[in-house]
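Work through these exercises with the model open beside you. Try each task before reading its solution.

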Amino acid sequence: MKNTKILAGILILCVVLICIIACGSSDTSMTIGQRNALDKAEDYLRYSAFSREGLISQLEFEGFEENDIIFAVDNVKVDWNEQCYKKAKSYLQYSSFSRQGLIDQLEFEGFTDEQITYAINKVGY
């Protein structure tokens, strides 16, 4: 009985180690710069809405290398339409905008025409 428990424990440990190796393998293909840029992009998107261009600018400001920035914005899990909607909604929560004024502001933020159309419709304009 004791040997069975030991073998079961070893088997569980092996499975856990295999999972750690398999799950961690994708992260090892990233450079430190890519991982940090991606982490920073995710951090920013957790508390604020950004366009793709706006996020690139913010990561440039942070001093990340261009290759790492492009990797981060290409690999971050984000719905850019929803980001535009969240940005539009936040603008309308603290100020009054005409429809065109809101469109102009979202264009300034770097959102695409398609993203802006989605956001403008979703906020009710």
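## Exercise 1: Helix H7

In this predicted model, helix H7 spans residues 113-123, and its buried residues are Gln115, Ile116, Ala119 and Ile120. Those residues cover an arc of only 130° around the axis, which puts them on the same side of H7.

**Task.** Describe the two faces of H7: which helices do its buried residues pack against, and which exposed residues does the face turned away carry?

**Solution.**

Step 1. Start on the buried side. The buried residues of H7 pack against helix H5 (80-94) and helix H6 (99-108).

Step 2. Turn to the other face. Asp113 and Glu114 are the exposed residues carried by the face turned away from the buried side.

Step 3. Look just past the helix. Gly124 comes just after H7 and takes a positive phi of about 105°.

## Exercise 2: Aromatic pairs

**Task.** How many aromatic pairs does a search of the whole structure find? Work out the geometry of the pair Tyr44 and Phe50, then that of Tyr91 and Tyr94.

**Solution.**

Step 1. Count. The search of the whole structure gives four aromatic pairs.

Step 2. Take Tyr44 and Phe50. Their ring centres are 5.6 Å apart, with 70° between the planes. Planes over 60 degrees apart count as edge-to-face, and this pair is edge-to-face.

Step 3. Check burial. Tyr44 has 8% relative accessibility, so Tyr44 counts as buried. Phe50, at 14%, counts as buried too.

Step 4. Take Tyr91 and Tyr94. Here the centres are 5.8 Å apart and the planes meet at 50°. The pair is tilted.

Step 5. Place this pair in its helix. Tyr91 and Tyr94 are three residues apart in helix H5, so about one helical turn separates them.

Step 6. Compare burial. Tyr91 counts as buried at 7% relative accessibility, whereas Tyr94 counts as exposed at 59%.

## Exercise 3: Around Phe50 and Tyr85

**Task.** Which residues form one aromatic cluster with Phe50, and which charged end sits over the ring of Phe50? Then find the residue that lies over the face of Tyr85.

**Solution.**

Step 1. Assemble the cluster. Phe50 joins Tyr44 and Tyr47 in one aromatic cluster.

Step 2. Look over the Phe50 ring. The charged end of Lys87 sits there, 5.9 Å from the ring centre.

Step 3. Move to Tyr85. Lys122 lies over the face of this ring, at 4.5 Å from the ring centre.

## Exercise 4: Salt bridges

**Task.** How many salt bridges does the structure hold? Analyse three of them: Arg35 with Asp39, Asp74 with Arg52, and Glu82 with Lys122.

**Solution.**

Step 1. Count. There are four salt bridges in the structure.

Step 2. Take Arg35 and Asp39. Their side chains meet at 2.6 Å, N to O. Both residues lie in helix H2 (residues 32-47), four residues apart, about one turn of the helix. Arg35 is partly exposed at 24% relative accessible area. Asp39 counts as partly exposed at 28%.

Step 3. Take Asp74 and Arg52. This salt bridge is 2.5 Å, N to O. Asp74 lies in helix H4 (residues 66-75) and Arg52 in helix H3 (residues 52-61), so the pair ties together parts 22 residues apart in sequence. Asp74 counts as partly exposed, at 47% relative accessibility. Arg52 is partly exposed, at 27%.

Step 4. Take Glu82 and Lys122. The closest N and O atoms of this salt bridge are 2.8 Å apart. The pair links distant parts of the chain, with Glu82 in helix H5, Lys122 in helix H7, and their positions 40 residues apart.

Step 5. Check burial of both partners. Buried means under 20% relative accessible area. Glu82, at 19%, is buried. Lys122, at 40%, is partly exposed.

Step 6. Complete the surroundings of Glu82. Not counting residues up to four places away in sequence, Glu82 touches Tyr118 and Lys122. Lys122 therefore appears twice in these exercises: Lys122 forms a salt bridge with Glu82, and Lys122 lies over the face of Tyr85.

Technical notes. Residues numbered from 1 in each chain as written. Predicted model: local features only at pLDDT ≥ 70, side-chain atom pairs only at ≥ 80, totals over all residues. Heavy atoms only, no water. Buried < 20%, exposed > 50% of the residue type's maximum accessible area, 1.4 Å probe, protein only. Arc of directions from axis to C-beta. Contact = heavy atoms within 4.5 Å. Phe/Tyr/Trp six-rings, centres within 6.5 Å; stacked < 30°, edge-to-face > 60°. Lys NZ or Arg CZ within 6 Å of the ring centre and 35° of its normal.
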